[in-house]
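Please look over the sequence and the model before reading on. The paragraphs below go from one charged pair to the whole chain, then to its interior and its other charged contacts.

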Amino acid sequence: KWLVGQDTSRVKIKEREKVERGIVREAPKSKGKIITTGKVRYRLLGKTGLLVSEIGVGGHEYTRDGAERFQPYAERLELIDRALELGINYYDTCCDTEGISLGKVLKALKARDKCYIAYGENVEGFRIYNADEKFIREIIERQLQCLRTDRIDIFRVLDFSISDFAVKMGIDKAEEISRVAYILSKLKKEGKIRFSCFTTHLSDDLKPFAGEADIGNLFDVLQIRYNFLENGASKKIIPYAKKHNMGIVVMKPFRKGTLLNKYCGSSSDATYTDLKSPDDPIFANLQYKEKGLAYALLKFILSNPDVSVVIPGLSSIEELIENVNVSISD
């Protein structure tokens, strides 16, 4: 039995460990949640039992400054190939174009069984809470085709879908979320998806979007917005996820680039207009700044042992290596 590790080498693990399709399904015994294999570090994704690289590749193909950059195939191929060599096994996608791109690359590299794919609805996802089972199945079948695969490892449900719909229709949030979770449980049994994830763009509390829904028992993974500036999740959301043994995926580690003093996204997005320079007073207590601000910001997130994986956007081999260096350094 084997575990894919750093620099395409294979690190032998004990025979007792369960391995599915060449990927560890249950992690090796360890004293903590963080396991080092070769030079790359892996963490348990909560109750899923999956062993994931603590650095992943974020969806939307965002650059560090928040701009969308849909890469040419050859460039994407090189980037993912190198990421796999460095031991990264967690890849997030958010729309059809990303799924098609990633699926094509993984097929060319014959690497589907060397990684985990997370997918969450974007545009059409605004309707997911108002969707019947047929519609949700259609979403998943479409993505399976885009990704050229027979299963989605982590299927994400987005929180912002339910807020406007709930207000307009006067529905019970907990009831709607429970209904969607039930549909996803059926798809799990069929093998279409392996695990479910609830995604929140809030950084302080789940209730505004989830109501009284029992998120911890309805879903396997929680994806959150958590960074050096927006760190409120450490007070309520992360402890809640830990209590329910949920895997924790962190998005927006650079706050769409504003923590790196740049932002090339939509000018109408008021949330990200406040740029922060490296000498901004808010970074006074940020450790590892001497190694670069991006390094320090990722290190801050990974210093929380309850985080399973952080998924920064990247657009070059150089940024990829910088991200991985955060993981392998002491």
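Is Glu230 buried or exposed? In this predicted model, Glu230 has a relative accessible area of 12%, and since the cut-off for a buried residue is under 20%, Glu230 counts as buried. The partner of Glu230 in a salt bridge is Arg225, with 2.6 Å between the closest N and O atoms, and Arg225 is likewise buried, its relative accessible area being 11%. Elsewhere, salt bridges that share partners bring Arg112, Asp113, Asp150, Arg151, Asp153 and Arg194 together in one network, to which the last paragraph returns.

Turning to the chain as a whole, one finds 10 helices and 14 strands, and of its 330 residues 55% count as buried. Contacts that span much of the sequence are well represented: when the residues in contact are at least 6 apart in sequence, 72% of the contacts join residues at least 24 apart. The area that the chain exposes comes to about 14500 Å², of which carbon and sulfur atoms supply 50%.

The interior can be read through its nonpolar cores. The largest of them has 67 residues, and those with the most contacts inside it are Tyr91, Ile140, Phe155, Leu184, Phe219, Ile224 and Leu297. Helix H9, which covers residues 293–302, gives the most to this core, contributing 8 residues. Apart from this core lies another one, of 14 residues, which includes Leu45, Tyr90, Met251 and Ile311. To see the surroundings of one member of the 67-residue core, take Tyr91: leaving aside residues up to four places away in sequence, Tyr91 touches Val57, Ile80, Ala83, Leu84, Leu102, Cys115, Tyr116, Ile117 and Ala118.

The charged pairs add a second set of links. The count of salt bridges comes to 19, and one of them joins the side chains of Glu141 and Lys192, with an N to O distance of 2.9 Å. Because Glu141 belongs to helix H3 (residues 133–147) while Lys192 sits in the loop between helix H5 (173–190) and strand E11 (193–200), this pair ties together parts that are 51 residues apart in sequence. Both ends of this bridge are partly exposed, Glu141 at 34% relative accessibility and Lys192 at 25%.

A further bridge involves helix H5 itself, for Lys188 lies in that helix and Asp220 in the loop between helix H7 (215–218) and strand E12 (221–225), so that distant parts of the chain, 32 residues apart, are linked. The closest N and O atoms of Asp220 and Lys188 are 2.7 Å apart. Here the two ends fall into separate classes of accessibility, with Asp220 counting as buried at 11% and Lys188 as partly exposed at 26%.

Finally, consider Asp113, one of the residues in the salt-bridge network. Asp113 is placed in the loop between helix H2 (96–109) and strand E9 (116–120), and with a relative accessibility of 31% it counts as partly exposed. The side chain of Asp113 makes a polar contact, at 3.2 Å, with the side chain of Arg151, which is also listed in the network. For a distance across the sequence, the C-alpha atoms of Asp113 and Asn89 are separated by 9.6 Å, although these residues are 24 apart along the chain.

Notes. Residues numbered from 1 in each chain as written. Predicted model: local features only at pLDDT ≥ 70, side-chain atom pairs only at ≥ 80, totals over all residues. Heavy atoms only, no water. Helix = DSSP H or I, 4+ residues; strand = E, 2+ residues; numbered from the N terminus. Buried < 20%, exposed > 50% of the residue type's maximum accessible area, 1.4 Å probe, protein only. Contact = heavy atoms within 4.5 Å. Areas by Shrake-Rupley, 256 points an atom, 1.4 Å probe, with all protein chains shown as cover. Core = buried A, V, L, I, M, F, W, Y, C linked by side-chain atoms within 4.5 Å. Salt bridge = Lys/Arg side-chain N within 4 Å of Asp/Glu carboxyl O. Polar contact = N/O pair within 3.5 Å; in protein donor to acceptor, adjacent residues only side chain to side chain.
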